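User: Please take a close look at how the helices pack in this model. Start with one pair of helices, then work outward to their surroundings.

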Amino acid sequence: MSYLVLDGGLATHLEALGCDLRDELWSARLLIENPGIIRKAHLDYFAAGADVATTASYQASIPGFVRRGLTPGEARDLLRLAVRLAVEARDEAGHGLVAASVGPYGAYLANGAEYTGAYDLGEDGLFAWHRERFEILASAGADLVAFETIPSFPEACAVARLLRLAPEVRAWVSFSCRDDRHINDGTPFAECVALFSGMPQVVAVGVNCTPPRHIPGLIRAGARIVYPNSGEAWDPVGRRWTGTSDPVSFGQAAVEWRALGATHIGGCCRTTPAHIREIRARLAESPA
C-alpha cells in the first residue's frame, strides 16, 4: 500500500460523543476532565480504518495549562498523557501509528491567529515558545511528531530549527492555507515545502484545516500529506457551521488527491469516522 489513511477531526468526534468543548483549551480540556473519552475517540477512528491517531495535544501547551491554574509539572504530565492515550488505543486496536500533535502558536492565543499568521512573536520567539513542548512530545512514545495548521513562514522556520536540533525525531509538517498556492500569511506554499527539503526525518509536508477545493492545487505545489476540513464554513455571527459535509463525496475526492500524488490522506475540522471510513473504502477499491 502506497498511502496512509489519517484520522479525522478529533474535537468533532468528541463533540459527537457528548463533550462540551467551548473552552480555550478545546479538546485538551478533556485531558484534565475526561481522558477516557479521548482514548475512545482514537479507537473509533482506528475502527473506521485510520492508520494514524493524532494526539489530543493540538491546543495543549504548558503556558495554556498554567493559565488554567495547573503547575508546570502537571502541564508536562498532561502532554505525556495525550500521547499515552493514543498509544493505548493503538495497542488495543492492534495496528497503526501515533502522531504527537503540535499545534501552532495561534492555537494557544485562541483568537483565530492560526488562520491568519498574525502573531506577536517573531521566529526566535516562536522557536523558544515551541521548544519545551516539542521536546516533551517527541520523547513521550509517539511514532512521530505532527506540526499542524502552521499559518506563517516565520513559524515554519522555527519548526525547521527545532527539527534540525533533533534529527532522530520523525515528523510531518502541515500548513493552513488561504488558497491553492499560499499559506495563510500569504507565503507561497512551494516556499514552505522547499524549507524542509533535504530533511529526511520529515516524512511529509502538506496541508490541513484548509477547504477541500484548494487541495488539488496544493498537491501540485508539493503537498504530500493532506487532511482538509469538511468544506463547511464557520459563521462567526450566528456561531454555527454552514454548508454540507458529505462523507461519500469526501471519499471520492480522496481518490483524486491520491492520483495527484498525496501519500497521507485524512480529515480535519468537521470530519468524522464516517469520512475516514469512506476514504479507506474508496482508496482500497481504486488502483494506486
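Analyst: In this predicted model, start with the contact between H3 and H12. Asp44, Tyr45 and Ala48 are the H3 residues in it. On the H12 side they meet Pro273, Ile276, Arg277 and Arg280. By class, four residues of this contact are nonpolar, three are charged and none is polar.

Now the geometry of that pair. H3 covers residues 35-48 and H12 covers residues 273-284. Their axes come within 8 Å and cross at roughly 25°. Angles under 35 degrees count as roughly parallel, so H3 and H12 are roughly parallel to each other. The crossing of H3 past H12 is right-handed.

A second pair is H5 and H7. H5 spans residues 72-93, and H7 spans 123-138. Here the axes lie 9 Å apart, and the packing angle is about 40°. The H5–H7 arrangement is therefore oblique. H5 also passes H7 in a right-handed crossing. From H5, the contact takes Arg76, Leu79, Arg80 and Val83. From H7 come Glu132, Arg133, Ile136 and Leu137. The contact of H5 with H7 divides into four nonpolar and four charged residues, with no polar ones.

H7 leads on to H8, since H7 is among the elements that the buried residues of H8 pack against. H8 runs over residues 153-165. Its buried residues are Glu155, Ala156, Cys157, Ala158, Val159, Ala160, Leu162 and Leu163. Besides H7, they pack against helix H6 (105-109) and helix H9 (189-195). Strands take part as well: E4 (144-150), E5 (171-175) and E6 (202-208).

The length of H8 can be checked too. It has 13 residues, and at 1.5 Å a residue they should span 18 Å. The C-alpha atoms at the two ends are 19 Å apart, which agrees.

Last, a loop residue that touches H3. Ser27 sits in the loop between helix H1 (10-16) and helix H2 (29-33). Its relative accessibility is 4%. Buried means under 20%, so Ser27 counts as buried. Leaving aside residues up to four places away in sequence, Ser27 touches Ala11, Leu14, Leu21 and Ile38.

Definitions and conventions
Residues are numbered from 1 along each chain as its sequence is written. This is a predicted model: local features need pLDDT of at least 70, side-chain atom pairs count only at pLDDT 80 or more; totals for chains, interfaces and linings use all residues. Side-chain values use heavy atoms; hydrogens and water are left out. Axes are lines fitted to C-alpha atoms, for helices over the stretch in contact, and angles run from 0 to 180 degrees between N-to-C directions. Helices (H or I, at least four residues) and strands (E, at least two) are DSSP runs, numbered from the N terminus. Angles under 35 degrees count as roughly parallel, over 145 as roughly antiparallel, 65 to 115 as roughly perpendicular and the rest as oblique. A crossing is left-handed if the near helix is turned anticlockwise from the far one by less than a right angle, and right-handed if clockwise. Contact means heavy atoms within 4.5 Å. Ala, Val, Leu, Ile, Met, Phe, Trp, Tyr, Cys and Pro count as nonpolar, Asp, Glu, Lys and Arg as charged, and the others, Gly among them, as polar. The expected span of a helix is 1.5 Å times one less than its number of residues. Buried means under 20% relative accessible area, exposed over 50%, partly exposed in between (1.4 Å probe, protein chains only).
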